[in-house]
Amino acid sequence: MRKLKETLRLPLIFDRRFLAYFHDILVAGVSFIVSLYLRVGDGITHYTQALVPGVALFTIIAAAAYRLFGMNSGVWRYASLRDLMAIARAVTSTILVFLLLMFLVTRLEALPRSVPLINWFVLVVLLGGPRLLYRLAKDRRLAGILESNARDRIPVLLVGAGDEAEIFIRAMATDRDAAYRVVGILDDKGGRIGREIHGVKVLGRLAELSSVVGDLAAGGQCPRRLILTRPRARLSGSRLGALVEKCEALNLVLARLPDLTDFRDAVAEGPMTVRPIVIEDLLGRPQVALDKGAIDGLVAGRTVLVTGAGGTIGSELTRQIAQLKPRRLILLDHGEFNLYSIEMEMRENCPDLDCRAVLANVRDRSRMLEVFRDEKPELVFHAAALKHVPMVELNPVEGVLTNVLGTRNVADAAIAAGAAAMVLISTDKAVRSTNVMGATKRIAECYCQALDIVASSGNKGWQTRFMTVRFGNVLGSTGSVVPLFSRQLRAGGPLTVTHPEVCRYFMTVREAVELVLQASAYGMNAGRDDRGRIFVLDMGQPVKIVDLARQMIRLAGLRPDKDIKVTFTGLRPGEKLYEEMFAAAEPPEQTSAEGVLVASPRAVDLAILRRSLDELDAACATGDAERLQALLHHIVPDYRQLDPVPLVPPTAEGPLPNQA
């Protein structure tokens, strides 16, 4: 078909763009005659001698002005205010140049002085009128086609009477294959209620959703979807959750428009793609203002090494660091497939980046020293760890080898290589830990804390800055509840929750890594008072896992406890009802970096800690689990195992008792 069109392509003289240009030049000459007639009426016959050169000169000037201002680059079908402005600029330039030549060169004294002024209005009308009429004709023809197809479209209600709603309504009105028909708008700005956008009326506030839907249903226009049009002005998590429940009761599917400024989403899905509400939206977390300059200064031009680069946090760190123009990026992981996957992603998305994949285990001390000696990283992000609480509880030796001794190996290698800084990724489970995983991560925190304090004194011969960033669960990470619930939903349920009162802190992977970089940039520029302290990300309010499960069921268009059951299985070994971001002895302090808090936990003497780590190493070598537990309790005094928590029926909302 494309070749046929090229074969039948009209010659230049019949090309639409050329015809439009020819039309505009012809109109310029006609406008001059019309303007003169409007000024002198039937006396125009007395100006024949000046009329011919005047028309010729004016037409030549206009033709040049059209090209100069790109007036014919627009498509008449989509004529808009932008095209009218181009017409106004071209006409104004034509009149000014004509006046200049009229009085200084041609001496067309016979023409009335008011003709150029009249000509400005006439030419604007003659140029803009046909474009407007052409668009109206096309729109009316398309409206007829769309009206005949309207019965096949999904009726929807929009939330928000702003720019996004206007763009969406216009897109639906001009796309003959559009899937939606907008039947009304809800907006919480009272001044817009009763007004219209492209013929669609603002019917009320969001709180009036039930009555609006009832009125529309009575008129045969019952909506089947509710679409949020303002992604940046998000509802809070609790309000959005309540809206999901209300939509369920009204048999509405809740969806949202993407952020139209997100270029990647617009390319991948199209700016008018309607997306379902996902569990991340229910967090309702406010957007944190990132210090882009400080983050760029942290990474740009440096050699950066990421351990655990194939994991959830490590891979997102890799993606974000790659965009910050490091001089070189080293990806280190012991899992071959994960490492291969992230390396291929980097080669496809960042072909100009100097990137190397290193297959190695942080437990291997000599290998770490070798890699760091060869690569000489200036900045190290240590994300490699065993994080699954029940798995580490059943395999404590493995947890200590990776989380404690692996961290020691990476930190010591960073010092030996002269790295400027190392960032340890920690977890909320390190606070008053009740499991082996949390205890091992707290020891890792202690080791980096002690190294940072010693380095600040300048007495040990290294200047490496050690920073620890602690945060809670990330949605969608390996081993988190969201992928588990998704699999259980696909299987038809039930969704399994350990306990009706268990709750956790959550944030998205992307936000967590952005704040890790923000905290790291702040830490690099912080003073001596911040040495040995731990940066804690502001996680907001904890979320009940049972509420998360029920919301995921609703988002799938199903009814909790009717279509899909939620069952309770009991807390697993080492699990608490809830996690904490700060211990009682380390009250949170604000920093100048938004979204980043700081804690000052008890510091451990480096020499004593190193002896304890050697003892841990010896216990791991012999597989002495009892000795291992005793050492963990000795190094982390607030580590204690909990008695099993009995299952009880769900209680009313309210503060949870302090289980720990």
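A residue counts as buried when its relative accessible area is under 20%. With that cut-off in hand, helix H11 (residues 312-322) of this predicted model is an easy place to start: nine of its eleven residues are buried, so the helix is largely enclosed by the rest of the structure. The buried set is made up of Ile313, Gly314, Ser315, Glu316, Leu317, Thr318, Gln320, Ile321 and Ala322.

Two of these helix residues turn up again around isoleucine 425, which sits in strand E12. Leaving aside residues up to four places away in sequence, Ile425 touches Ile313 and Leu317, along with His382, Ala383, Lys441, Val469, Phe471 and Val516. Its relative accessible area comes to 6%, so Ile425 is buried, given the cut-off of under 20%. The C-alpha atom of Ile425 is also 8.8 Å from that of alanine 385, although 40 residues separate the two along the chain.

Strand E12 (residues 421-427) runs parallel to strand E13, and the pairing takes in seven bridges. In one of them, valine 423 has methionine 467 of E13 as its partner. E13 also pairs with strand E18 (residues 534-537), again in the parallel sense, this time over three bridges. Here valine 469 stands opposite phenylalanine 535 of E18.

E13 itself (residues 465-471) is mostly covered, with seven of seven residues buried. In a regular strand, side chains alternate between the two faces of the sheet. In E13, Arg465, Met467, Val469 and Phe471 point one way, while Phe466, Thr468 and Arg470 point the other, and all of them are buried. Val469 and Phe471 are also among the residues that Ile425 touches.

Another strand, E8 (residues 303-307), contains threonine 307. The relative accessible area of Thr307 is 0%, so this residue is buried by the under 20% cut-off. Not counting residues up to four places away in sequence, Thr307 is in touch with Leu332, Val362, Phe381, His382, Ala383, Ala384 and Val410. His382 and Ala383 appear in the contact list of Ile425 too.

Finally, there is a helix pair to look at. Helix H16 (residues 436-457) packs against helix H20 (residues 606-622) at an angle of about 145 degrees, and their axes lie 10 Å apart. The crossing is left-handed. From H16, the contact draws on Ile443, Cys446, Tyr447, Ala450, Leu451 and Val454, and from H20 on Leu606, Leu609, Arg610, Leu613 and Leu616. Sorted by class, that makes ten nonpolar residues, one charged residue and no polar ones.

Notes:
Residues are numbered from 1 along each chain as its sequence is written. This is a predicted model: local features need pLDDT of at least 70, side-chain atom pairs count only at pLDDT 80 or more; totals for chains, interfaces and linings use all residues. Side-chain values use heavy atoms; hydrogens and water are left out. Buried means under 20% relative accessible area, exposed over 50%, partly exposed in between (1.4 Å probe, protein chains only). Helices (H or I, at least four residues) and strands (E, at least two) are DSSP runs, numbered from the N terminus. Two strands pair if DSSP finds at least two bridges between them. Contact means heavy atoms within 4.5 Å. Axes are lines fitted to C-alpha atoms, for helices over the stretch in contact, and angles run from 0 to 180 degrees between N-to-C directions. A crossing is left-handed if the near helix is turned anticlockwise from the far one by less than a right angle, and right-handed if clockwise. Ala, Val, Leu, Ile, Met, Phe, Trp, Tyr, Cys and Pro count as nonpolar, Asp, Glu, Lys and Arg as charged, and the others, Gly among them, as polar.
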